[in-house]
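Open your viewer and get ready to select a few pieces by residue number. We will walk from stop to stop, and at each one you will hear what to pick and what is there.

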Amino acid sequence: MSVTTPRPDLDTPRAQVLLAIADDALVTGHRASHWTGVAPSLEEDLAFSTIAQDAINHADLLYQVLLGAAVSGEQQRAGVDAIGLGREPDGYRHAIVCERPPIDFARTLARHWITTRVEVARLDALRRSPDADVAAVATKLSHELRYHREHAEHWFTTLHTGGADARERFHTALGHVLPEALGFFEPVDGEDASAILPGGHPGLRDVVVDGAATSLRAAGFDDLVGLLEGDLPAEAAGGRRGRHSQDFTGDVWPEMTELHRVHPGARW
Amino acid sequence: MSSTMSPTGPQHDTAGTDPAREAAFLEALDEGAKVESGDWMPDTYRQLNIRFIEMHANSEIMGALPEREWIARAPTLKRKRSLAAKVQDEVGHAHLIYRVAESLGRPRKDMYDDLIAGKGKFHNVFHYPTYSWGDVACIGFLVDGAAIVTQRALLETSYAPYVRVMKRVVAEESLHYRHGEDILLALASGTDEQFEMLQEAVNRWWEPIMHFFGNDIAREDDPSIRWGIKTRTNEESRQEWMSTYVPKLWDLGIETPDPALRYDADAGQWDYTEPDWDRLREIVKGTPTEATASRLYWRQLLHRHHDWIHDIVVGEDLSTAA
């Protein structure tokens, strides 16, 4: 049975913003699944497996919004996979920080902490989107994100109060992650004209930085606050325009998309 | 033991080597008695159960590793999620089952440390490399199908804590089986290349699965049966698996690589070519395969890098997670 794969126009400002949000989730989920089966504790094995599944599902739902309500069933699945796994590397709009390898659990938890804060702030904005389809999905996803937020904040506290060694490791990890996380706030092309994310990606920066800075100061990590107020390092810039690092073009992308690419049109 | 046998006091009152008590214990097992962790039990019973249950838990962990290699490479977003969910379940099962072995006196940490040090035993089927999405189908359908056959039989095992855990495990495994069947059906009804991918994988997995059930040991010679761990012989399980799964493969046009394989309706059993049992011994007890050595290497590395996490979580090594 052959299914026509729907190919929506991905070049509109609306599509570009949706891709940025969905691709952040897809690549975050892909990297989170690294821990499935090998995390340092049972609880975290289960937690990161759940985060992976939820994040990939969020991406899926947003790709469905891109396809539109008229596309359903097999066609919808084919369309979702064509968008999620069928683009060239420069077609992906996620922030470069998402594509970095997990490195170790401290780095993973540091990224998880700031990423979750960005997602919460972004979904809050999207729930007020004038685009009804987007607002509806954002409301649905916000509920799930509550648990990830609690998990991320729990680890923030555990690590900064967990003794000198853990504190030092987490401090170092945040030092690596926070500057690159500013890439979340880069605008996609035409974002000013798009009404679907009120305030746009740049508009999220103040909200996220205010909240994160308060937590960092309370943890005695005052020296890290400046990183959030500084500039995005050049090597982590450009994700929203499709410029990605070797971590994506040479690692995530080939592995994630190979089967889809090698067997065009196949159903799995 | 349960009400079919009189209470015999705490386990450490008497060493588990009293011949008279042992005879009474065996008699009670024959009558279907169930054993609780605080009951008196012969040393042999304890050790056999630990060995069996530890191997089962180890297998859940090592079974998660070949499949997790495909989460990143899954061909659709739906498969990516469902495979992550399945592997997540396996890790959960390992922990439930380790706790059962722990209730018999073997510390979880020791079992886990032995496993990642390469000293733990686990099922032969998890020693093999994976090459294609066809392997994911075979693990999900054929290997999980075989596991369901042996795990369902464990619902009748004599150690009651094991039975309680297996009730939950078997329920989840049935979902895994459907996940595997779904992947298999998609490949079987897909493009020629997909079908070929599946056929090649079935050819690769055939012998490991025939090995999986173990060689044919007469009921009276199998200590696991004598001591109430297993209720069925290896051959009975293999026959049940063939009756359930071989016709499904044939219906889909998939060839089974054993030319001698056929159902003998008169005898009511399957004829097949005896697999090479020396090869099984080599896989399970010999030098680790390259796939196992590499999986354990990465597991050890990740473990060493995260001692600090275990320390802060509970102030002790929590490393039982796979």
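Below is a tour of several helices and a few single residues in this predicted model.

**Stop 1: a helix with two sides**

Select residues 204-218 of chain A, which form helix α8. This helix has 15 residues and reaches 22 Å from its first C-alpha to its last, close to the 21 Å expected at 1.5 Å a residue. Now colour L204(A), V208(A), V209(A), A212(A) and L216(A), which are buried. Where do the buried residues of α8(A) fall when seen down its axis? They fall within an arc of 100°, so they line one face of the helix. A general point helps here: an α-helix has 3.6 residues a turn, so residues three or four places apart point the same way.

Next, give another colour to D206(A), D210(A), T214(A), R217(A) and A218(A). These are exposed residues on the face of α8(A) turned away from its buried side. To see part of what covers the buried residues of α8(A), add α5 (105-127) and α9 (222-229) of chain A. Before you leave, click on G220(A), which follows α8(A) and has a positive phi, near 80°.

**Stop 2: a neighbouring pair in chain A**

Keep α9(A) on screen and select helix α7, residues 164-181 of chain A. α7(A) has 18 residues and spans 25 Å from its first C-alpha to its last, close to the 26 Å expected at 1.5 Å a residue. Its buried residues include F170(A), A173(A), L174(A), V177(A) and L178(A).

How do the two helices lie against each other? The axes of α7(A) and α9(A) come within 8 Å and cross at roughly 20°. The two helices are therefore roughly parallel to each other. α7(A) passes α9(A) in a right-handed crossing. Show side chains for L174(A), G175(A), L178(A) and P179(A) of α7(A), together with L224(A), L227(A) and L228(A) of α9(A), because these residues make the contact.

**Stop 3: a pair running in opposite directions**

Still in chain A, select helix α2 (residues 42-67) and helix α6 (residues 132-160). They pack at an angle of about 170°, with their axes 11 Å apart. α2(A) and α6(A) are therefore roughly antiparallel to each other. Among the residues that make this contact are I51(A), H58(A) and L62(A) of α2(A), and V137(A), L141(A) and H148(A) of α6(A).

**Stop 4: a residue with a positive phi**

Go to the loop between α4 (96-99) and α5 of chain A, where you will find I103(A). Most residues other than glycine have a negative phi. I103(A) has a positive phi of about 60° although it is not a glycine. Is I103(A) buried, exposed or partly exposed? With 14 other C-beta atoms within 10 Å, I103(A) is partly exposed.

**Stop 5: over to chain B**

Select helix α2 (residues 43-68) and helix α3 (residues 77-102) of chain B. Their axes come within 8 Å and cross at roughly 165°. That makes α2(B) roughly antiparallel to α3(B). The crossing of α2(B) past α3(B) is left-handed. Residues of α2(B) that meet α3(B) include I50(B), A57(B) and I61(B), while L83(B), V87(B) and A94(B) are among those on the α3(B) side.

Look along α3(B) by itself: this helix has 26 residues and reaches 38 Å from its first C-alpha to its last. α3(B) is mostly covered, with 22 of its 26 residues buried.

**Stop 6: two residues in chain B**

Select S59(B), which sits in helix α2 of chain B. S59(B) is buried, with 23 other C-beta atoms within 10 Å. Leaving aside its neighbours within four places in sequence, S59(B) is in contact with F122(B), H123(B) and F126(B). Try a distance too: S59(B) and K121(B) are 62 residues apart in sequence and 8.0 Å apart in space, C-alpha to C-alpha.

Now move to G32(B), in the loop between α1 (19-30) and α2 of chain B. G32(B) counts as exposed, with 11 C-beta neighbours inside 10 Å.

**Last stop: where the chains touch**

Show both chains together. Here 39 residues of chain B are in contact with 39 residues of chain A. On chain B, α2, α3, α7 (192-212), α11 (290-305) and α12 (307-314) each supply at least two residues of the side that touches chain A. Which helix gives the most to that side? α3(B) does, with 12 residues.

Terms used:
Residues numbered from 1 in each chain as written. Chains lettered and ligands numbered in written order. Predicted model: local features only at pLDDT ≥ 70, side-chain atom pairs only at ≥ 80, totals over all residues. Helix = DSSP H or I, 4+ residues; strand = E, 2+ residues; numbered from the N terminus. Expected span 1.5 Å × (residues − 1). Buried ≥ 20, exposed ≤ 12 C-beta atoms within 10 Å, placed from the backbone. Arc of directions from axis to C-beta. Contact = placed C-beta atoms within 7 Å. Axes fitted to C-alpha atoms, helices over the stretch in contact; angles between N-to-C directions. Parallel < 35°, antiparallel > 145°, perpendicular 65-115°, else oblique. Left-handed = near helix turned anticlockwise from the far one by under 90°.
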